[in-house]
Amino acid sequence: MRSRSNIRQSAAVSAVLLAALFLLPLAVIAPFRSALAGKKAAPDKPPEPKPEVRLPFESGALDGDVPLRVLDGGEVREMDLGTYLVGVVRAEMPASFELEALKAQACAARTYTLYKLSNGGNHGDTANICTDSTCCQAYISEEQAFSNWGGDAAAYEQKVERAVSETDGQAILYDNTPVLAVFHSSSSGLTRAAGEVWLNDLPYLQPVQSPEPGDTIPNYHSRVDFTAEEFRTKFLEAHPEADLSGPAGSWLSDPVSDEAGSVRTLRVGGVEVKGTQLRSILGLRSACFTWEVQNGTVSFFVTGYGHGVGLSQYGANQMAAGGADFREILTHYYTGVTIGPVK
């Protein structure tokens, strides 16, 4: 009997030890399991944004077939006409403008360039054209444009490139010849004839009505003040023969205006000068100005910006917003022209 009892006792002890052997790991892990169950999994890191890869602009068949040597600062760069025009449109017209206005600008800039190629530019054998707006046309690189445009840069660049691509080869022609396609920012509501500003008149650069949205144009109406001494110094540098003695109120007289309201001529200190010349001497925004003299201060009140001849950029944008396409815009601002490729 005792032997059977010992056997049972040994079996019971073995069972307890075997159970303990399996349950011990669970007892050790259980406290940590509850802690792990309450701990949130670390979120996955969002993938790093991939930098946008922009393909270089590819000119259309007609623009791409015109090679240019462009004087940019002191360096002559070789590029095709389309690539050059993208840089010009970036610089010359706000990229926020309507697409059809940008197309009109691209076409005007293309025509101006072709005119220079046909008639000779200002740089002899060195280059065909330059990036200085006081000599030829303004131009900026894609990098500079993106810096200027900020968050809208990609969309603006796409619009500019479309404006050039979708007018590939299209030029403003008079008697099948590219015209001198000058342009300006904004007029006083009527553009000016070329002969009012420069030496020669041209049949396609005549006054036309321009729908300027003056209330939305920055500095459309501007004012510039000069002390009598400041005015005397500036004008005598250009015209030392002028008599600017006596009160400042007697210095300016006899203004003659053209139909656009710009000053054609006036007398300053007894010297007759063109309004465009006085604009240049004083740095006024346009030659559409009046003046007054009070308490020794000569004040000029100016409307618009630019020489006022040819395409008005703000007028073009207003026409485009009203539904006009680039051809309608160009044939409005340039009298008697057609739009098409040069043959």
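In the predicted model, Leu-252 sits opposite Val-268 of strand β9. This pair belongs to an antiparallel pairing of β8, residues 252–257, with β9, residues 263–268. Four bridges join the two strands. They form a hairpin, and five residues separate them. Gly-261 lies in the turn and has a positive phi of about 90 degrees.

Val-268 also has a bridge partner in β10, namely Val-271. Strand β10 covers residues 271–274 and pairs with β9 in the antiparallel sense. Four bridges are found here. The hairpin of β9 and β10 has two residues between its strands. Gly-269 in this hairpin takes a positive phi near 60 degrees.

Helix α7 spans residues 228–238. Three of its residues, Ala-228, Phe-231 and Phe-235, are buried. They lie on the same side of α7, because their arc around the axis is only 65 degrees. The packing partners of the buried α7 residues include the strands of both hairpins, β8, β9 and β10. Strands β7 (221–227) and β12 also pack against these residues, as does helix α8 (275–282).

Strand β12 runs from residue 297 to residue 303 and contains Thr-303. The relative accessible area of Thr-303 is 19%, so the residue counts as buried under the 20% cut-off. Beyond four places in sequence, Thr-303 touches Ser-188, Tyr-220, His-221, Ser-286 and Cys-288.

Nonpolar side chains in soluble globular proteins tend to be buried together. The largest nonpolar core of the model holds 65 residues. Tyr-84, Ile-172, Leu-311, Ile-329, Leu-330 and Tyr-334 touch the most other members. Helix α3, residues 99–119, supplies the largest share of this core, with 10 residues. A further core of 23 residues lies apart from it. Among the members of this second core are Ala-228, Ala-248, Trp-251 and Val-273. Ala-228 is thus one of the buried residues of α7 and a member of the 23-residue core.

Ile-172, in the largest core, was examined for contacts beyond four places in sequence. Its partners include Cys-107, Ala-108 and Thr-111. Ile-172 also contacts Thr-177, Pro-178, Val-179 and Ala-181. Further contacts are made with Leu-330, Tyr-334, Val-337, Thr-338 and Ile-339. Of these partners, Leu-330 and Tyr-334 are themselves named among the core residues that touch the most other members.

Conventions:
Residues are numbered from 1 along each chain as its sequence is written. This is a predicted model: local features need pLDDT of at least 70, side-chain atom pairs count only at pLDDT 80 or more; totals for chains, interfaces and linings use all residues. Side-chain values use heavy atoms; hydrogens and water are left out. Two strands pair if DSSP finds at least two bridges between them. Buried means under 20% relative accessible area, exposed over 50%, partly exposed in between (1.4 Å probe, protein chains only). Contact means heavy atoms within 4.5 Å. A nonpolar core is a set of buried Ala, Val, Leu, Ile, Met, Phe, Trp, Tyr and Cys residues joined through side-chain atoms within 4.5 Å. The arc is that of the directions from the helix axis to the C-beta atoms.
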